[in-house]
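The exercises below ask you to work from the sheet outwards to the packed helices and the nonpolar cores. Try each task on the structure before reading its solution.

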Amino acid sequence: MKKMEWNKEIEDLYTKITDLTPEGFRASVKPMLREAAEKTAILRNSGFVSRNDLLSALFQITPKAFQPTVVADLKTIGIDTDRYIKLSAIRKEFARTWDEVGGAWAPGVYHFTMFLTDRCNQKCIHCAAELMGNRPEFSTEQWIQIIENVEQTLRKRGRRGCYIWFGGEPTLRKDLKELIKYCGEKGYYQAVSTNGMLFDEELAKLCAEVKMHHVFISYDSVYPERAAKIRGVPKAYEAAEKAIKLALKYGHLVICTATVQEENFDELEEIKKKLDSYGAIPYFRAVIKQRTAEKNWDDIGLSYDKYRQFYDFKFKHVVDAIRKGEGSFLNKVYTYDMVPFMECPRNDKERTALEWGVGCQACRSVSGIDVNGDFFPCDYPSKLTLGNVLKQNFDEIMESEMFKAIRDRKVKGKCSTCHHLELCGGGCRVHAENETGDFLAALPFCWHKDDHTH
């Protein structure tokens, strides 16, 4: 089994718990508890064992006849056991196999951001939806029609889709649960992306019942006051924290998305450390200069130097993990949208660990479907659309010349001849479009000099 990270606090708690075990059983209980806690963490797709993992695992391995003794022992070290007994039962009920957890990230699965609504209960300073107003929304039946159009086209090509409920804030849609149930009954991959304010126990449980693949929760700061400023509402931090804990309680793979901007640039390491401590996966993405973010760019936009520092930060954590022998499925999330021209892989092992999800994935493994059915090449909204999936067969869009040009990375300018193009893909295409007006233009933020070989 892959060696997991155990921070000192969790290691100390593990020691306290096993020291309470009668000496005659201790030698067998210690490895059993460690293995069960790591297995629980792995099923959440985490590289870290959390307090919840450890304590829920304890009750998984403890026979019912001995649980009253364990409860009494844990009370002597100040642990509320009721919660962890219930948590252990919940995790057992909703446990999934590794194949189920990893399925939607397999090569060939195409992820679609489904912009269900423009409505939102927050007012983020970097938001892409705020300036759109409240455009008319499709019915449940129309979204199902879109899903089937996309899914059946992909199936004919030996692929599958993953449908990410997005907005605005998707939990404001009264039929969100119906859409979730539909995909669950069909066995389709799906995820939800939420700010957490309306992510309650009922929704968390439903998502677990239908084996939702993963849950995205927005998390932009470890400081409540700063989170409130970024998200435009009080208690934004508390809402995100509550949602993270609820999602983890029901065994979800939780990915916390942090939009990196001037406002939170000084706390990237703190955000990563905090999310690691929860047992959630941090996913950092640079703010894109569009819509509300463009309006606030002087205050929140990243400078050329900070854009480079951000990717150095992101790349460092991935490469360090790989070089410590921890290159795994997790790197697919960490590297996703990664621009790798800062440092080349040193060998085939590093390259293999990095190459999934690296660089621009528009028209390859991610795209977006707008509230009116328009098809975005990327999961971010763009000025460029390639058709409408309510009005056209998705196969027609996939066979269009522009779709193929984006998929095949037919970028222009210095990116077109760069020896990093195969991995980098020319960097973020939506960034390039917003800066130049051309979706296929060279990325203006690139600092790489194409004057050497590797």
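**Exercise 1: the sheet**

Trace the order of the strands in the open sheet of this predicted model, and then identify its edges.

Step 1. Following the pairing across the open sheet of 8 strands gives the order β6-β5-β4-β3-β2-β1-β7-β8, and the pairing is mixed.

Step 2. The strands that pair on one side only are β6 (281–286) and β8 (375–376), which are therefore the edge strands.

Step 3. Within the sheet, β3 (residues 189–194) and β4 (residues 214–218) run parallel and are joined by 4 bridges, and S193 stands opposite F216 in β4.

**Exercise 2: helices on the sheet**

Determine which strands are touched by helix α7, and how helix α15 is placed.

Step 1. Helix α7 (residues 140–156) packs on the sheet through β1 (109–115), β2 (160–166) and β7 (366–369), with its direction at about 150° to that of β2.

Step 2. Helix α15 (residues 304–323) lies across β5 (254–260) and β6, and runs at about 155° to β6.

**Exercise 3: the nonpolar cores**

Find which residues touch the most other members of the largest nonpolar core, and list the contacts of M114.

Step 1. This core has 90 residues, of which F112, M114, W165, Y219 and F375 touch the most other members, while its largest share, 7 residues, comes from helix α11 (residues 236–249).

Step 2. Once neighbours within four places in sequence are set aside, M114 is in contact with W143, I146, I147, Y163, I164, W165, F166, G167 and I369.

Step 3. A second, separate core holds 22 residues, among them L13, I17, A41 and V49.

How values were computed: Residues are numbered from 1 along each chain as its sequence is written. This is a predicted model: local features need pLDDT of at least 70, side-chain atom pairs count only at pLDDT 80 or more; totals for chains, interfaces and linings use all residues. Side-chain values use heavy atoms; hydrogens and water are left out. Two strands pair if DSSP finds at least two bridges between them. Helices (H or I, at least four residues) and strands (E, at least two) are DSSP runs, numbered from the N terminus. Contact means heavy atoms within 4.5 Å. Axes are lines fitted to C-alpha atoms, for helices over the stretch in contact, and angles run from 0 to 180 degrees between N-to-C directions. A nonpolar core is a set of buried Ala, Val, Leu, Ile, Met, Phe, Trp, Tyr and Cys residues joined through side-chain atoms within 4.5 Å. Buried means under 20% relative accessible area, exposed over 50%, partly exposed in between (1.4 Å probe, protein chains only).
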